[in-house]
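Q: I'm new to this one and would like a close look at a single part of it, with enough of the surroundings to find my way. Could you walk me through it?

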Amino acid sequence: MKNSPISAKGTISRDINIELIMDKVAIQYLFPQEFGIKNGIASIKAKVTGTLDNVVRKENIQIDNLSINKFDTQIDVQSVKMDTNKNNIAYINNVTCNNPQISPIKVPSLKIYVDTNDLKIPQTHIYMPNSDISFNGNITNYNNKNWNYILFAEGFINPKDINISDISNSCPIKLKAIGDKNAQNVNLQVLLENSGIFDESFVINLVSKIEKNIIKIDELGLYTTKNALVNDLKANIKGQK
């Protein structure tokens, strides 16, 4: 494919013994243009053994210099590595995301634990020039139409990283998102301290649902708060603005 070799050899009878080798293939030729893949080199060595009733797969995958441009957003990934001969962990290094509306986003290191049906993302940090957010989550049934996910994030974001100039202080945030192919439910809390709008700290609480490309807001509240953000919002508020 575009002067890059892809080869397969082996036998299939009662027993299976197949080896697939893809050596430094340009990824953009493997996917439709609408995926937005502009660059990337993939090498894969996969071996399939066992029987028709019990297939065993082992893969050694490496992707370098992946670049995706879609919706005015440029995503670059230095490398993706996964060797299931050793473990079921995908190692993703040096992810950068650039969009003209916000400051650059960087993820130095990301691990994804790959199971037969589930993907697990342990605590991972996302950095912007003046912001730091950690997140973790799970995707269940990722390989079929019944997939669903849960995501947690917390940290602080500086408003100037998202082009908001009216607030100067960094804002602690908490996010919980749950969803599937039909709908996504999002709960976001943002703590504003010394904002210049009120004399005391307050929390913006947003509860929303995204369904059929429509955003429904179940709650958008503004509460004076006793202290920092906690999981139980009602236990931490003084009143409603």
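A: Let's start with the whole chain before zooming in. The protein chain has 15 strands and zero helices. Keep in mind that this is a predicted model. The chain holds 241 residues, and buried ones make up 30% of them. Its accessible surface comes to about 15400 Å², with 52% of that belonging to carbon and sulfur atoms. As for how the chain meets itself, take the contacts between residues at least 6 apart in sequence: 32% of these join residues at least 24 apart.

Now for the close look, and Gln74 is a nice place to stop. You'll find Gln74 in strand 5, which covers residues 73-83. Is Gln74 buried, exposed or something in between? Gln74 counts as partly exposed because its relative accessible area is 21%, and the buried class needs a value under 20%.

Who sits around Gln74? Setting aside residues up to four places away in sequence, Gln74 touches two runs of the chain: Ser67, Ile68 and Asn69, and then Thr96, Cys97 and Asn98. Thr96 is worth picking out here. Gln74 and Thr96 are 22 residues apart in sequence, yet their C-alpha atoms are 8.1 Å apart in space.

The side chain of Gln74 also has polar partners. One is Ser67, whose side chain is joined to that of Gln74 by a polar contact of 2.5 Å. Another is Asp76, where the side chains make a polar contact at 3.0 Å. So that you can keep the picture straight, Ser67 turns up among the residues touching Gln74 because touching here means heavy atoms within 4.5 Å.

From there, let's go to the nonpolar interior. In general, nonpolar side chains in soluble globular proteins tend to be buried together. In this model, the largest nonpolar core has 29 residues, and Ile92, Leu110 and Ile112 have the most contacts inside it. Leu110 gives a good feel for the neighbourhood. Beyond its neighbours within four places in sequence, Leu110 is in contact with Ala90, Tyr91, Ile92, Ile121, Thr124 and Phe135.

Thr124, from that list, deserves a visit of its own. Thr124 lies in strand 8 (residues 118-128). With a relative accessible area of 4%, Thr124 is buried. Its side chain reaches the backbone oxygen of Pro122 at 2.8 Å. Leaving out residues up to four places away, Thr124 touches Val107, Ser109 and Leu110, along with Ile133, Ser134 and Phe135. Phe135 also appears among the contacts of Leu110.

Charged side chains are the next thing to look for, and the count of salt bridges comes to five. One of them pairs Lys9 with Glu19, whose closest N and O atoms are 3.8 Å apart. This pair links distant parts of the chain, with Lys9 in strand 1 (residues 6-12) and Glu19 in strand 2 (residues 15-26), ten residues apart. Lys9 counts as exposed because its relative accessibility is 56%, whereas Glu19, at 17%, counts as buried.

Arg57 and Glu59 form a salt bridge too, with their closest N and O atoms 3.0 Å apart. Here Arg57 is exposed at 56% relative accessible area, while Glu59 counts as buried at 16%.

Next come Glu154 and Lys174, whose side chains meet in a salt bridge of 2.9 Å, N to O. This pair also links distant parts of the chain: Glu154 belongs to strand 10 (residues 148-157) and Lys174 to strand 11 (residues 171-180), with their positions 20 residues apart in the numbering. Glu154 is partly exposed, with a relative accessible area of 39%. Lys174, on the other hand, is buried, at 16%. Finally, Lys209, Glu211 and Lys216 are linked in a network of salt bridges.

One last stop, back on the outside. Ile6, Leu20, Leu30, Phe31 and Phe35 make a nonpolar surface patch of about 410 Å². Leu30 sits in the loop between strand 2 and strand 3, the latter being residues 37-51. Leu30 counts as partly exposed because its relative accessibility is 35%. If you want to return to where the close look began, find Gln74 in strand 5 and follow its side chain to Ser67 and to Asp76.

Notes:
Residues are numbered from 1 along each chain as its sequence is written. This is a predicted model: local features need pLDDT of at least 70, side-chain atom pairs count only at pLDDT 80 or more; totals for chains, interfaces and linings use all residues. Side-chain values use heavy atoms; hydrogens and water are left out. A nonpolar core is a set of buried Ala, Val, Leu, Ile, Met, Phe, Trp, Tyr and Cys residues joined through side-chain atoms within 4.5 Å. Buried means under 20% relative accessible area, exposed over 50%, partly exposed in between (1.4 Å probe, protein chains only). Helices (H or I, at least four residues) and strands (E, at least two) are DSSP runs, numbered from the N terminus. A polar contact is a pair of N or O atoms within 3.5 Å; within protein, one must be able to donate a hydrogen and the other to accept it, and residues adjacent in sequence count only if both atoms are side-chain atoms. Accessible areas come from the Shrake-Rupley method with a 1.4 Å probe; for residues, only the protein chains shown count as cover. A salt bridge is a side-chain nitrogen of Lys or Arg within 4 Å of a carboxyl oxygen of Asp or Glu. Patches are made of residues with over 30% relative accessible area and no salt bridge: like charges are joined within 9 Å, nonpolar side chains (Val, Leu, Ile, Met, Phe, Trp, Tyr) within 5 Å.
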